[in-house]
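Open the model in your viewer and keep the sequence panel visible. The tour goes from one selection to the next.

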Amino acid sequence: MEQFATTVSELAQKLAEILAEEILGEKSRFFREECVGSSCYLRMNRYPPCPLMSPSSSSSSVLGLMPHTDSDFLTILHQDQIGGLQLVKDGKWVSVKPNPDALIINIGDLFQAWSNGVYRSVEHRVVTNKVSERFSTAYFLCPSYDTQIQSCVQPSIYRRFSFGEFRRQVQDDVQTFGYKIGLPGFLLLN
């Protein structure tokens, strides 16, 4: 597991550097300096089967994970062969076919804000399987809570904020509304 974490950590840094260079036209040290090992994390997920689903119900009727966007810069995900991950494409939920030789890379909210909307955070969810449990492993490229997030492109559509402020707002959103509002709460009003 330690080797996996080290490998995906380096992959996340490389991907962030490549994506940043596409916007800036030059290399950026931002991610190496702000997203250090102590602020990033690896999470193993288990989604038990849901045998209570009725045979007439659709496979997307019971959620293992509610629709959301990730609150980090990048997420690298490895899923098993059961499936269940879905993302929104053209306003519709689309299943991501499991591939044992592939990793799934999600842009997170912080990258969307940092890139000024050039890269978009992906809304996704997990639906349960009636018979089989599902496992996945996710690596989250995160900065420290003190890190200031501001657009690398001007004029910015998002106000400057710290990662800690963003996380607190997400927690407040969930407590107040039952779901995450996220980046729309940090848009600058014209």
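Select Phe30. In this predicted model, Phe30 has a relative accessibility of 17%, so Phe30 counts as buried, the cut-off being under 20%. Now add Phe31, which counts as buried because its relative accessibility is 0%.

Show the side chains of both residues. How far apart are the ring centres of Phe30 and Phe31, and at what angle do the planes lie? The centres are 5.1 Å apart and the planes stand at 90°, so the pair is edge-to-face.

Next, keep Phe31 and select Trp114. These two form another edge-to-face aromatic pair, with 5.1 Å from centre to centre and 65° between the planes. Phe31 belongs to helix 2 (residues 30-34) and Trp114 to helix 3; the two residues are 83 residues apart, and their pair links distant parts of the chain. Buried is the label for both Phe31 and Trp114.

Widen the selection to Phe30, Phe31, Phe73, Phe111, Trp114 and Tyr119: together they make one aromatic cluster. The count of aromatic pairs in the model comes to 15.

Move on to helix 4, residues 163-177. What span should its 15 residues have at 1.5 Å a residue? The expected value is 21 Å, and the C-alpha atoms at the ends of helix 4 are 21 Å apart, so the two agree.

Within helix 4, colour Phe163, Gly164, Phe166, Val170 and Asp173, which are its buried residues. Then show what covers them: helix 3 (109-114), strand 9 (148-149) and strand 10 (161-162) are among the covering elements. Just past the end of helix 4, click on Gly178, whose phi is positive, at about 90°.

Now go to strand 8 (residues 134-141) and pick Thr137, which lies in this strand. Is Thr137 buried or exposed? Thr137 is buried, because its relative accessible area is 13%. Leaving out residues up to four places away in sequence, display the contacts of Thr137: Phe4, Leu42, Arg43, Met44, Ile76, Leu77 and His78.

For the last stop, turn to the surface and select Leu11, Leu103 and Ile105. These three residues form a nonpolar patch there, with about 200 Å² of accessible area together. Within the patch, centre on Leu103, found in the loop between strand 5 (92-95) and strand 6 (104-107). Leu103 has a relative accessibility of 34%, so Leu103 counts as partly exposed.

Notes:
Residues numbered from 1 in each chain as written. Predicted model: local features only at pLDDT ≥ 70, side-chain atom pairs only at ≥ 80, totals over all residues. Heavy atoms only, no water. Patch = residues over 30% accessible without salt bridge, like charges linked within 9 Å, V, L, I, M, F, W, Y side chains within 5 Å. Areas by Shrake-Rupley, 256 points an atom, 1.4 Å probe, with all protein chains shown as cover. Salt bridge = Lys/Arg side-chain N within 4 Å of Asp/Glu carboxyl O. Helix = DSSP H or I, 4+ residues; strand = E, 2+ residues; numbered from the N terminus. Buried < 20%, exposed > 50% of the residue type's maximum accessible area, 1.4 Å probe, protein only. Expected span 1.5 Å × (residues − 1). Contact = heavy atoms within 4.5 Å. Phe/Tyr/Trp six-rings, centres within 6.5 Å; stacked < 30°, edge-to-face > 60°.
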